[in-house]
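Thanks for coming. I will walk through one structure this morning, starting at a single residue and working outward. Please have a look at it before I begin.

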Amino acid sequence: MDTILIVDDSRMNRTILRNVFDKKYRIIEAGDGEEAIQLIDSCHEFLSLVFLDLVMPKKSGIEVLQHICDTGMRDILPAIMITGDTGTESAVEAYEYGAADFVHKPFDAKIIMHRAENVMELYRRRRDIEKELDERTKALRMSRAKLEKTNDFLVNALGSVVGFRSLESGNHIKRVSCFTKILLNYVRKEFPKYGLTHGKINTIVTASLLHDVGKIGIPDSILNKPGRLTPEEFEIMKSHSSVGCEILECFKMDDYEEKTEQSGLNFYRCCYEICRWHHEKADGRGYPDGLKGDEIPIWSHAVAVADCFDALASKRVYKPAFGLEEAHRMILNGECGQFSDDLMHCFALAKQDLFDVFKQIQ
């Protein structure tokens, strides 16, 4: 049974209201504002409605309303004001503090019953809707968390397959993702024009794990050839960027888009553009599309620099490792193709950070 608190310094008014409601509701009473506040504080979890006289000793109805607001109960405990005053000033003030309705003395039993029940039903429905929304939000967060774990597992699994196929340590993929994050954090600080945020950077770093997924489709005889590739073999090797995009198409799901709506960067698009364009160069001499300058997304270009640096600094089946200093110098001097001036500025600043990661991940 719902409980109604009737607050009025007039015993007669309290009795009239009690007689209207006591057949359907549990009734408690207070004779002044201070007593009302004490009852509200101790019984608010059980209260469905407060009838509140506007003018009372000790504390007025407005002061009780203010207490309800200050204690965070405004949206869960409706208050109907009782007044004999026909003016609007006090009504406006009461509504500003969250009064749900006004009734004027003398009372009409049927009207006041309907108005009270309408107010209680309105607040009950609002509480139910808020509870349902809260439950749905929690369920959505749990579902999204599970989805992200699944997607991250798939991304890491595909990246690991590439590492095993190309006889490269899986640490290559880890280092490239770490290098990418370092570079983009410098870009975020040095060049706000790219609009990078921590959320976007995290999306790009995850997508970078798939930069070489297309190597799954390259024959072992070419992928792991110890010597220099022939022009024909090199053309086949270059196709890994487009083959990777075909593989991504097979894994494309709407969930990829949902995963990164929060960061403002579409995950699938990011994976696709990194996979396809991580060998493009700023002067248009890269592949597969010969993009130039700003035609290359910053995420694709950053992964290109990270991948190139790790390739130079690491031992591969077709070459020995260059030293870190030498690899860094070669990229800055344009010996591995032209990268954007902005990225080269950040690459220079990130030198020690890149070296530290390379030494840590072996």
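**Starting from one tyrosine**

Tyr95 sits in helix α4, which covers residues 89–96. Keep in mind throughout that this is a predicted model. Is Tyr95 buried or exposed? Neither label fits: its relative accessibility is 40%, and because buried means under 20% and exposed means over 50%, Tyr95 counts as partly exposed. Leaving aside residues up to four places away in sequence, Tyr95 touches Arg74, Ala100, Asp101 and Phe102. Tyr95 and Ile62 are 33 residues apart in sequence, and their C-alpha atoms are 9.6 Å apart in space.

Now the whole protein. There are 362 residues, and 48% of them count as buried. The protein has 16 helices and five strands. If we take contacts with a separation of 6 or more, 65% of them are between residues 24 or more positions apart.

Next, a strand. β4 runs over residues 79–83, and five of its five residues are buried. In a regular strand, side chains alternate between the two faces of the sheet. Which residues of β4 are on which side? Ala79, Met81 and Thr83 are on one side, Ile80 and Ile82 are on the other, and both faces are covered. The pairing partner of β4 is strand β3, residues 47–53; the two run in the parallel sense and share four bridges. In one of the pairs, Val50 has Ala79 of β4 as its bridge partner.

After β3 comes a loop that leads to α3, residues 61–70, and Lys58 is in that loop. Lys58 is not a glycine, yet its phi is positive, at about 70 degrees. Lys58 is also exposed, because its relative accessible area is 62% and the cut-off for exposed is over 50%.

The other backbone feature to point out is a cis peptide bond between Tyr287 and Pro288, with omega about 10 degrees. Pro288 is in the loop between α12 and α13.

That brings me to the interior. The largest nonpolar core has 52 residues, and the members that touch the most others are Ile204, Phe309, Ile331, Phe347 and Leu354. Several helices give two or more residues to this core, among them α6 (171–190), α7 (198–208), α10 (240–251) and α14 (324–332). Which element gives the largest share of this core? It is α13, with 11 residues. As for Phe309, if residues up to four places away in sequence are not counted, Phe309 touches Phe179, Leu324, Ala327, His328, Ile331, Phe347, Leu354 and Phe355. A second core, separate from this one, has 23 residues, including Val50, Leu54, Leu65 and Ile68. Val50 is the β3 residue we met as the partner of Ala79.

Last, the empty space. The largest pocket has a volume of about 1,200 Å³. It is lined by 42 residues, and Phe234, His279, Ala311, Arg316 and Tyr318 are the closest to its centre. By type, the lining divides into 16 nonpolar, 12 polar and 14 charged residues. At least two lining residues each come from α6, α8 (220–223), α9 (231–238) and α13. Here too α13 gives the largest share, with five residues.

To recap, α13 supplies the largest share of the largest core and also of the lining of the largest pocket. That is the end of the tour.

Definitions and conventions. Residues numbered from 1 in each chain as written. Predicted model: local features only at pLDDT ≥ 70, side-chain atom pairs only at ≥ 80, totals over all residues. Heavy atoms only, no water. Core = buried A, V, L, I, M, F, W, Y, C linked by side-chain atoms within 4.5 Å. Buried < 20%, exposed > 50% of the residue type's maximum accessible area, 1.4 Å probe, protein only. Contact = heavy atoms within 4.5 Å. 1 Å grid on protein atoms, 1.4 Å probe; cavity = no way out; pocket = protein on both sides within 12 Å on 5 of 7 lines; lining within 4 Å. Points joined across faces, edges and corners; volume = space filled by probe spheres on them. Nonpolar A, V, L, I, M, F, W, Y, C, P; charged D, E, K, R; others polar. Pairing = 2+ DSSP bridges.
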